[in-house]
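Biologist: Please give me a close look at one part of this model. I'd like to know what packs around what.

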Amino acid sequence: MAGGSEKNVIKGMRDVPKRPSEDENEEESLPVLSEEDRNCMNAKMHLLTQSTDEGISLYDHLAVLLSGALEHQPENFLDNLEKLSLQLKRDKVKITQSTVRSIPPPSPSYHLAKVEQRQFQKISNEEMNRLHDFPEDGLQEDERYTAIPNLMKQAHCFQMAGVGLSMEEYTRIALSLRELVKVWPIETVRFWGKVLGLKQNYYVAEAEFPEGEYETDISDDEEEEDDDPAEEREDSLFDETTTILSMKPLFKHPRKIPCDAAGTGLNKKVYFVCSEPCQPWYRLPHVTPEQIVTARKLRKYFTGYPNQQMVTYPPFPGLEKNYLRAQIARISASTHVSPIGFFKFDEEGEEEEEGEPAEGSRDGFVEDQDFEGLSMRDLTDQGMTNWVHHTPFVLPQGRITWYNPLQGHEGEEENEEEEERNEPDEPEPEHGPPLLTPLSEDAQVGKSPAWIAKASSQFVPEYSVAILHSNTWPGAYAFASDKARFFENVYIGWGHKHLESCFEPAIPEPPLPEFPTGPEVIEAEDPSPETEAAVRSAMREKELDAPEEEEEVGEMEAEEEEEGDEEDQ
């Protein structure tokens with residue numbers, strides 16, 4: 001090439017001799033390397049092959065490290081070699097995000113534990129203040145807390161039977177009930193049970209208010225008037241049109257069954273719920289017959305949110321809190337039982353009332369002070385003759401007392417229709433089993449009995465606990481101890497009734513029949529042009545003859561007046 005001979009340089013080698021000419025032998029064309037140069041080249045190649053994920057080889061790292069040492073000439077280079085190498089690696093790291101670990105937000109269990117801690121400290125401080133103010137009284141019970149039952153004893157008995165909640169959970173519930181009695185004017189309160197949900201659970205407390213302290217939350221829709229506004233709208237609509245009476249619809253909306261007033265019937269007791277024992281209690285609304293009837297046709301899991309919309313068929317009249325209240329009423333009426341003889345009817349209260357009560361109408365009972373108790377053999381007898389229901393039965397109408405829907409529905413003008421009404425149109429009154437009915441009369445669940453009784457221990461039966469398990473409502477239990485002098489009921493389940501077969505949703509109601517066909521509703525054919533012309537000519541002739549007829553009528557009236565005057569004279 002022009003400008004001198006070209007030096008062929010091989011990577012990793014210096015001062016390589018020139019390539020021989022092409023006409024030389026093949027062996028003589030290879031570069032001649034000394035053993036030292038060959039070892040140096042192999043070492044460099046090895047360092048170049050050792051690289052990190054970022055593509056930085058060990059050769060480059062050492063080259064930068066040594067060049068920096070030669071440039072800055074630090075002291076004690078050999079002693080600080082590792083530190084300089086580590087600092088060089090750190091400088092090449094590319095940080096794409098902050099290496100500081102973010103503090104995770106507190107979990108719900110953490111907040112719940114804080115609430116429980118404050119509740120424990122609050123109760124402890126209250127007791128210490130009472131002890132400081134009244135040292136002579138000691139740690140005596142507050143009058144407000146006497147309404148709370150002995151949950152620790154109940155928990156012990158249920159644990160002996162192998163059912164119920166843990167002792168820790170019962171302790172939290174007992175502390176939560178103390179907060180409940182501070183807020184509401186409660187006369188008695190008890191732990192009803194725990195209803196399981198998909199997202200959250202419901203802890204249910206059953207309470208009774210003193211007479212006169214009930215706050216009604218029934219909507220004004222329950223106060224019905226004698227006249228149905230829907231019927232008035234229909235009458236006014238048809239009166240404005242030119243129709244005959246036979247064209248008015250014959251269907252009448254059934255009268256709405258009123259619910260029990262606050263403090264009576266199914267609304268005698270008030271229920272409170274919360275998702276965790278240390279959270280505030282939420283009062284459930286009163287239940288209506290319509291909700292009870294519709295709840296019997298549904299089978300839906302609870303979500304744990306009281307204000308959740310109910311998307312069901314048939315449509316449920318309310319939210320999830322209303323559905324929960326309806327299920328509580330059904331479960332209580334079927335599973336709240338007590339040993340026979342523990343309660344007796346209040347005969348003194350019945351004597352004060354005028355007249356004798358009808359059979360099965362007694363709804364008041366009191367504790368029998370002369371109750372002698374029952375043996376374990378009697379309590380665990382599979383005949384179930386020694387256990388009774390102490391909660392009123394819910395009728396198919398959705399009430400515990402039957403209400404006549406025709407009462408006060410007709411006015412005074414319809415008395416004649418009332419007399420002519422056939423007897424089959426009169427609704428038949430509904431009756432249910434009276435109070436304190438033995439469990440032996442309960443209907444079986446398929447081939448299984450409605451209740452199963454057993455003792456908690458077969459080895460020491462005299463100190464064991466009698467436990468009852470409901471097959472109708474799985475999750476309902478009752479126990480009795482101390483010869484049936486101490487008993488309690490609890491429910492822990494999903495709020496569903498046991499079915500003999502698969503659940504079948506309700507079938508839509510059949511559609512109403514169409515309007516009857518008749519000449520008054522059949523559309524007439526359009527008249528022909530000839531017929532229209534004949535009608536027009538007839539109407540014109542009638543208009544022309546109208547003045548002459550009016551004159552004749554006027555002359556006849558005048559003659560009649562003259563004859564009348566002559567007769568008077």
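**Around Phe191**

Modeller: Let's start with phenylalanine 191: leaving out residues up to four places away in sequence, it touches Leu151, Leu165, Tyr170, Ile173, Tyr203, Val204, Asn489 and Val490 (contact means heavy atoms within 4.5 Å). Bear in mind that this is a predicted model, so to speak of a local feature takes pLDDT of at least 70 and to count a side-chain atom pair takes 80 or more, while totals for chains, interfaces and linings use all residues. Numbering runs from 1 along each chain as its sequence is written, and side-chain values use heavy atoms, with hydrogens and water left out.

Phe191 is also one of the best-connected members of the largest nonpolar core: of its 32 residues, Tyr170, Leu177, Leu180, Ile186, Val189, Phe191 and Phe272 touch the most other members. By nonpolar core I mean buried Ala, Val, Leu, Ile, Met, Phe, Trp, Tyr and Cys residues joined through side-chain atoms within 4.5 Å. Buried is under 20% relative accessible area, exposed is over 50%, and partly exposed is in between, with a 1.4 Å probe and protein chains only. At least two residues of this core come from each of α6 (151-161), α7 (167-183), β1 (188-195), β2 (202-208), β3 (270-274) and β12 (486-493). Those labels are DSSP runs numbered from the N terminus, helices being H or I of at least four residues and strands E of at least two. Helix α7 gives the largest share of the core, 6 residues. Apart from this core lies another one of 26 residues, with Val204, Phe316, Leu324 and Val394 among them. As a general matter, nonpolar side chains in soluble globular proteins tend to be buried together.

Now for α6. Leu151, Gln154, Ala155, Cys157, Phe158 and Ala161 are its buried residues. They sit on the same side of α6, because they cover an arc of only 165° around the axis, the arc being that of the directions from the helix axis to the C-beta atoms. The cover over these buried residues includes α7, β1, β10 (466-470), β11 (476-481) and β12. Just after α6, glycine 162 takes a positive phi of about 80°.
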